[in-house]
Amino acid sequence: MPTSKLFIMLAVLICMAPINTCSSAAASTASLTTRPPSPKFPAIFVFGDSTVDTGNNNYVKTIIKANLPPYGENFPGHIPTGRFSDGKLVPDFLASFLGIKDDVPPFLKPNLSENELRTGVTFASAGSGYDYLTSSLSNAIPVSKQVEMFKSYINKLMGIVGKDKANNIIGEALVMISAGTNDFVFNCHDIPTRRLEFDIVGYQHFLLQKLEDFLKELYELGCRKMMVAGLPPIGCLPIQMTAKFQIPTNRKCLEDQNSDAESYNKKLAKLLPELQAKLPGSKLAYTDVYEPLFGMINYPQQYGFVEIKRGCCGTGYIEALFLCNPMTPVCRNPSEFLFWDSIHPSQQTYIYLANYIIQEVLPLFDK
């Protein structure tokens, strides 16, 4: 989800916001599916942006952080961890469902235990993308440099379990990749720097080539079981509707941005099996997040949501990052909000997405 250059837009939009007087927080009500986990993975490795960053940005010189309340108010212990939500993220729920661990730690966390390293970490960085320009202002860790972190991880893992065991863990691990939204938001939609050299189709192909190169590099390092998330309905993010100066009483998803996301996803879904055929022994699974999220937006009552056009934090129209802070009021029940802040989903939404992945994507690794 977009985070790195958001502070530029927030400075412009902050004067638009009325005050939300809701008070704090009730726990989420949805639960993770309990069907027997299959298949079994020894570890989970995660790459991407704020949707899967569990705290790496806490250790990076960037303003893109979520290490202060009210972030984390529904996380165990009610503590902000660096996750951009009120609680856990999809990788945490997948790791728990698969019996790997309760949550996935960030690789940059000091003093990781040997067991934490053996069972996997996330290398993701909020504000990052496949395009290096995406991280240029925020100093987030671009996806290309997350590979270098992974190489460092491999050396540590080999030091713990030996080369052969490390190679086995890497080859059998579940690899999750979630990025791309920031690239489109910052470089095409809101700050159209790449529009000077690409039309939208050209930029889609540019990013897909970056992703292909990234997947090949992970393959060369031993990864075989990789799931790659597509884009969400970007035009339905509260901050994107606010950026188009939509008034609170008449907010609608931006069809052009959603259409761009859909066309990218179709290209990604076509690319992955073609690339898989070129990488012997690999399994590359497309992970659709667009349709599940769009279903929640179109039929919120089926999921227990009462608010889908703004976040729980503050007014819900602009608050994210440093604008969602200990002085910001939050809604009474985050589980009734699709979004936690103006960009990122609530823990409730992530539970639904995790259940979708468990039911629709993980079984692909059995085939």
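Let's start with Ile 297: leaving aside neighbours within four places in sequence, Ile 297 is in contact with Pro 233, Cys 236, Cys 253, Ile 308 and Leu 338. Keep in mind that this is a predicted model. From Ile 297 and its helix, the tour goes on to the strands, the one cavity of 30 Å³ or more, and two buried polar spots, Ser 342 and Arg 83.

**Ile 297 and helix H10**

- Ile 297 sits in helix H10, which covers residues 290-298.
- Ile 297 has a relative accessible area of 10%, and since the cut-off for buried is under 20%, Ile 297 counts as buried.
- Ile 297 has company in H10: Tyr 290, Pro 292, Leu 293, Gly 295 and Met 296 are buried along with it.
- What sits over those buried H10 residues? The cover includes helix H9 (255-278), S5, S6 and H11.
- For a sense of distance, take Asp 102: its C-alpha atom is 29 Å from that of Ile 297, and the two residues are 195 residues apart along the chain.

**Strands S5 and S6**

- S5 (residues 307-311) is one of the elements covering the buried part of H10.
- S5 is itself largely enclosed by the rest of the structure, because four of its five residues are buried.
- S5 pairs with S6 in the parallel sense, over two bridges.
- Within this pairing, Glu 307 stands opposite Phe 337 in S6.

**Strand S2 and its partners**

- How many of the residues of S2 are buried? Five of its five are, so to speak, under cover, and S2 is mostly covered.
- Both faces of S2 are covered, with Leu 174, Met 176 and Ser 178 buried on one side and Val 175 and Ile 177 buried on the other.
- S1 (residues 44-48) pairs with S2 in the parallel sense, over five bridges.
- On the S1 side, Ile 44 stands opposite Leu 174 of S2.
- S3 (residues 225-229) also runs parallel to S2, and four bridges join the two strands.
- On the S3 side, Met 226 is the bridge partner of Val 175.

**Helix H5**

- H5 spans residues 163-172, and its buried residues are Ala 166, Ile 169, Ile 170 and Gly 171.
- The cover over those buried H5 residues includes strands S1 and S3, plus helices H3 (114-119) and H4 (143-161).

**The cavity**

- The count comes to one cavity of 30 Å³ or more.
- About 210 Å³ of space lies in the largest cavity.
- Which elements give two or more residues to its lining? They are strand S2 (174-178) and helix H11 (347-360).
- H11 supplies the largest share of that lining, three residues.
- The lining has 20 residues, and Thr 51, Ser 178, Ala 229, Val 289 and Leu 353 lie nearest the centre of the cavity.
- By class, the lining breaks down into 13 nonpolar, six polar and one charged residues.

**Ser 342, a buried polar residue in a loop**

- Ser 342 is in the loop between strand S6 (337-339) and H11.
- Is Ser 342 buried or exposed? At 0% relative accessibility, Ser 342 counts as buried.
- The Ser 342 side chain does find a polar partner: it reaches the backbone oxygen of Ile 318 at 3.3 Å.
- Not counting residues up to four places away in sequence, Ser 342 touches Leu 237, Pro 238 and Ile 239, along with Gly 316, Tyr 317, Ile 318, Glu 319 and Ala 320.

**Arg 83, a buried charged residue in a loop**

- Arg 83 is in the loop between S1 and helix H2 (90-97).
- Its relative accessibility is 5%, so Arg 83 counts as buried.
- Which side chain does the Arg 83 side chain meet in a polar contact at 2.8 Å? That would be the side chain of Asp 92.
- A polar atom of the Arg 83 side chain also lies 3.3 Å from the backbone oxygen of Val 104.
- Not counting residues up to four places away in sequence, Arg 83 touches a set of residues including Asp 53, Thr 54, Tyr 71, Phe 75, Asp 92, Asp 103 and Val 104.

Methods
Residues numbered from 1 in each chain as written. Predicted model: local features only at pLDDT ≥ 70, side-chain atom pairs only at ≥ 80, totals over all residues. Heavy atoms only, no water. 1 Å grid on protein atoms, 1.4 Å probe; cavity = no way out; pocket = protein on both sides within 12 Å on 5 of 7 lines; lining within 4 Å. Points joined across faces, edges and corners; volume = space filled by probe spheres on them. Nonpolar A, V, L, I, M, F, W, Y, C, P; charged D, E, K, R; others polar. Buried < 20%, exposed > 50% of the residue type's maximum accessible area, 1.4 Å probe, protein only. Polar contact = N/O pair within 3.5 Å; in protein donor to acceptor, adjacent residues only side chain to side chain. Contact = heavy atoms within 4.5 Å. Pairing = 2+ DSSP bridges.
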